[in-house]
Amino acid sequence: MKQPWIHNAKTDWWFILSPPFLVLLIIFLFQKQIQGLENHYSFYTWLFLIVFVDVAHVYSTLFKTYFVKGEIQKRRLLYIGIPVISWGLGIILFQFGSLVFWSVLALVAVFHFIRQQYGFMRIYARFEPNNWSKKVDEVAIYAATVYPMLYWFKTPRAFTWFVNNEFDWLQNLPDYKSFITIVYFSILAAWVGKTIFEALKFQNLNIPKTALIIGTYLSWYFGIVYFNNDLLFTFLNVVSHGVPYIALIYIREIRQKENHQLNWMLAFKSASGIFLFIGIILCFAFLEEFLWETLVWNEHFTLDFTVSETLVQFLVPLLVVPQLTHYLLDGFIWRKPKKVS
């Protein structure tokens with residue numbers, strides 16, 4: 001069968017499909033050394049994983065939205081309304097306490113991460129008919145992501161999504177771990193059986209879709225359930241999510257666009273353009289984290305500057321606006337436009 005690559009086999013493999021496999025391989029080969037990095041060089045692991053991958057991928061969305069000529073005029077209400085709503089919603093949530101604020105944001109982030117894997121799966125299944133086989137794939141990708149989170153909700157972990165105790169309120173739910181574990185492995189077995197059956201019967205295999213689903217199972221299970229380690233969770237979670245998203249933005253919004261569609265962004269399509277693209281999103285990411293560190297966290301570096309409690313309840317939701325806007329916009333910008341009959 002013709003493989004449904006987004007760009008080509010080489011690019012898709014290295015930047016979209018391979019991250020969870022490569023990260024897991026590195027973890028199993030160099031687990032002690034990685035822990036040593038966290039113990040002695042935590043600033044650099046934070047800088048690379050959080051700032052240069054996680055936060056940077058948020059700003060790559062600019063190249064599909066606000067940086068595209070005419071896009072704001074075409075969907076003005078969406079692009080202006082979402083940031084305003086994000087800030088307003090954040091201010092309201094912060095009135096119930098910072099833990100409520102971060103807990104809600106964490107759940108929104110989890111949903112965003114889950115939907116990204118579903119979205120990639122749908123891209124790689126775009127040439128397939130909407131039949132029972134595709135439904136099994138959809139159930140499998142949700143099982144791969146939802147089960148580890150449900151496990152986390154009921155099992156104390158040595159890591160957080162944003163802040164400590166963000167999921168503690170879910171500890172009061174009935175103990176469902178045994179049940180969901182059976183469901184999880186049953187779905188996995190059904191998907192594996194279905195995939196092998198189709199490969200043998202029809203003599204074809206959707207390689208990128210299969211690799212995407214396997215990589216999702218591996219990164220979410222090992223990152224959340226198997227390992228109980230902050231750095232390993234961050235390493236798997238951030239790289240497997242951020243790198244493919246940045247690659248997708250660059251491929252779809254720059255490399256695959258015609259020159260006349262790019263306008264001022266044409267410079268990013270040149271051989272050195274990718275470095276300019278990466279440089280811009282890294283600058284935005286570092287600027288945001290600089291503000292977080294100096295105004296709120298004061299963990300990795302600080303300035304002799306104190307923000308009043310009154311201002312914090314407006315400042316923190318404001319600093320979250322780029323991230324929450326990214327989460328919310330993603331629910332709109334990747335939808336295919338409806339065909340006009």
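**Exercise 1. Work out in what order the elements of the protein run from the N terminus on.**

Step 1: Elements are DSSP runs numbered from the N terminus, with helices (H or I) of at least four residues and strands (E) of at least two. Step 2: Reading along, the order is α-α-α-α-α-α-α-α-α-α-α-α-α. Step 3: The tally is 13 helices and 0 strands.

A word on the source: this is a predicted model, where local features need pLDDT of at least 70 and side-chain atom pairs pLDDT 80 or more, while totals for chains, interfaces and linings use all residues. Residues are numbered from 1 along each chain as its sequence is written, and side-chain values use heavy atoms, without hydrogens and water.

**Exercise 2. Find the largest nonpolar core and the helix that gives the most to it.**

Step 1: A nonpolar core joins buried Ala, Val, Leu, Ile, Met, Phe, Trp, Tyr and Cys residues through side-chain atoms within 4.5 Å; buried means under 20% relative accessible area (1.4 Å probe, protein chains only). Step 2: The largest has 57 residues, and M149, W161 and F167 have the most contacts inside it. Step 3: Helix α6 gives the most, with 13 residues. Step 4: Apart from this core lies another of 27 residues, including V58 and I281.

**Exercise 3. Describe the surroundings of D12.**

Step 1: Place D12 in helix α1, residues 9–17. Step 2: D12 is buried yet has no salt bridge (a Lys or Arg side-chain nitrogen within 4 Å of an Asp or Glu carboxyl oxygen). Step 3: The nearest side chain of opposite charge, R126, is 6.8 Å away. Step 4: The D12 side chain reaches the backbone nitrogen of I6 at 2.6 Å.

How values were computed. Buried < 20%, exposed > 50% of the residue type's maximum accessible area, 1.4 Å probe, protein only. Lys, Arg positive; Asp, Glu negative; His and termini not counted. Polar contact = N/O pair within 3.5 Å; in protein donor to acceptor, adjacent residues only side chain to side chain. Contact = heavy atoms within 4.5 Å. Lists of a residue's contacts leave out its neighbours within four places in sequence.
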